[in-house]
Amino acid sequence: DPAYVHHFHDKIDFNHRFDRFLGREWMELTAGNADDLQAFAQRHPVFIAKVPVSKSGAGVRRYTAADVSDWEAFHADLVAKGEVLIEERIIQHPDLEAIAPGTANTTRVTTFVKDDGTVAIINMAQKFGRGQVSDQASFGGFYTALHEDGRAMGMGYSVDGHLFETHPDTGRRIADYRVPMMDEVRALIGRASCRERVCSTV
């Protein structure tokens, strides 16, 4: 429904609506909350800043608290750049870290909520990054399609047509990959999909 699509396009709106599923701390930068940003960075010495409405990894940066000496100036610079969504860095599962270290490699699951309220998986894909802040293609990332049980269907593919039998940084064979904790993944997507009953496809 076009009336609800902004809840998924705007990352701050999305975080508000799906906060209990995220598993990480986040905050929004507003006028006068540089002290809150500094406190956040003390809890999370490496953190992510995002432009709320963007795509393909644009406007996503990784910062280290030790590099900041003037928090008021740093806060003002982030606000000026529109990087007002601050998130705790994701520590990924060791199985993914072994294949593609340094990036939060995302598992994409498209679901359909049936009339009876049950959730069906339409398709799944696993993205792999290259150590950058994002696993998007603009950062060198690629993906592989997944079977419904989480097994890779084969090699990795990039949007420009390159094939990856192994990950170029670690040599791990992509076809051997299997999503860890698949039962937990199913449970999470079931709860999150039913959160948005106004949308049949999530």
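**Exercise 1. In this predicted model, find how strands β5 and β6 pair, and which residue of β6 faces R108.**

Solution.
- Start with the ranges: strand β5 covers residues 107-113 and strand β6 covers residues 119-128.
- Next, take the sense of pairing: β5 and β6 run antiparallel, joined over seven bridges.
- Then pick out R108, which stands opposite A125 in β6.
- Finally, look at the turn: the hairpin has five residues between its strands, and G117 takes a positive phi near 90 degrees there.

**Exercise 2. Work out the strand order of the four-stranded open sheet, and which strands stand at its edges.**

Solution.
- Read across the sheet: the order is β1-β4-β2-β3, and the pairing is antiparallel.
- Now look for strands with a single partner: these are β1 (26-28) and β3 (60-64), so each has one side without a neighbour in the sheet.
- Add the twist, which averages 25 degrees from one strand to the next.
- Zoom in on one pair: β2 and β3 are joined in the antiparallel sense over five bridges, and V46 stands opposite T64 in β3.
- Last, see what packs on the sheet: helix α5 touches β2, β3 and β4 (85-88). The direction of α5 makes about 175 degrees with that of β3.

**Exercise 3. Classify the packing of helices α4 and α5: roughly parallel, or roughly perpendicular?**

Solution.
- Locate the pair: α4 spans residues 34-43 and α5 spans residues 71-81.
- Take the geometry: the axes lie 9 Å apart, at an angle of about 100 degrees.
- Compare with the cut-off: angles of 65 to 115 degrees count as roughly perpendicular, and α4 and α5 are therefore roughly perpendicular to each other.
- List who makes the contact: A34, L37, Q38 and A41 come from α4, while W71, E72, F74, H75 and L78 come from α5.
- Sort these residues by character: six are nonpolar, two polar and one charged.

**Exercise 4. Decide whether K50 is buried or exposed, and find which residues it contacts beyond its sequence neighbours.**

Solution.
- Place the residue: K50 belongs to strand β2 (residues 46-50).
- Check its accessibility: the relative accessible area of K50 is 16%. Buried means under 20%, so K50 counts as buried, charged side chain and all.
- Leave aside neighbours within four places in sequence; K50 then contacts K11, R24, G59, V60, G82, E83, V84, L85 and E87.
- As a final distance check, take D176, which is 126 residues from K50 along the chain: their C-alpha atoms are separated by 33 Å.

Technical notes:
Residues numbered from 1 in each chain as written. Predicted model: local features only at pLDDT ≥ 70, side-chain atom pairs only at ≥ 80, totals over all residues. Heavy atoms only, no water. Helix = DSSP H or I, 4+ residues; strand = E, 2+ residues; numbered from the N terminus. Buried < 20%, exposed > 50% of the residue type's maximum accessible area, 1.4 Å probe, protein only. Contact = heavy atoms within 4.5 Å. Axes fitted to C-alpha atoms, helices over the stretch in contact; angles between N-to-C directions. Parallel < 35°, antiparallel > 145°, perpendicular 65-115°, else oblique. Pairing = 2+ DSSP bridges.
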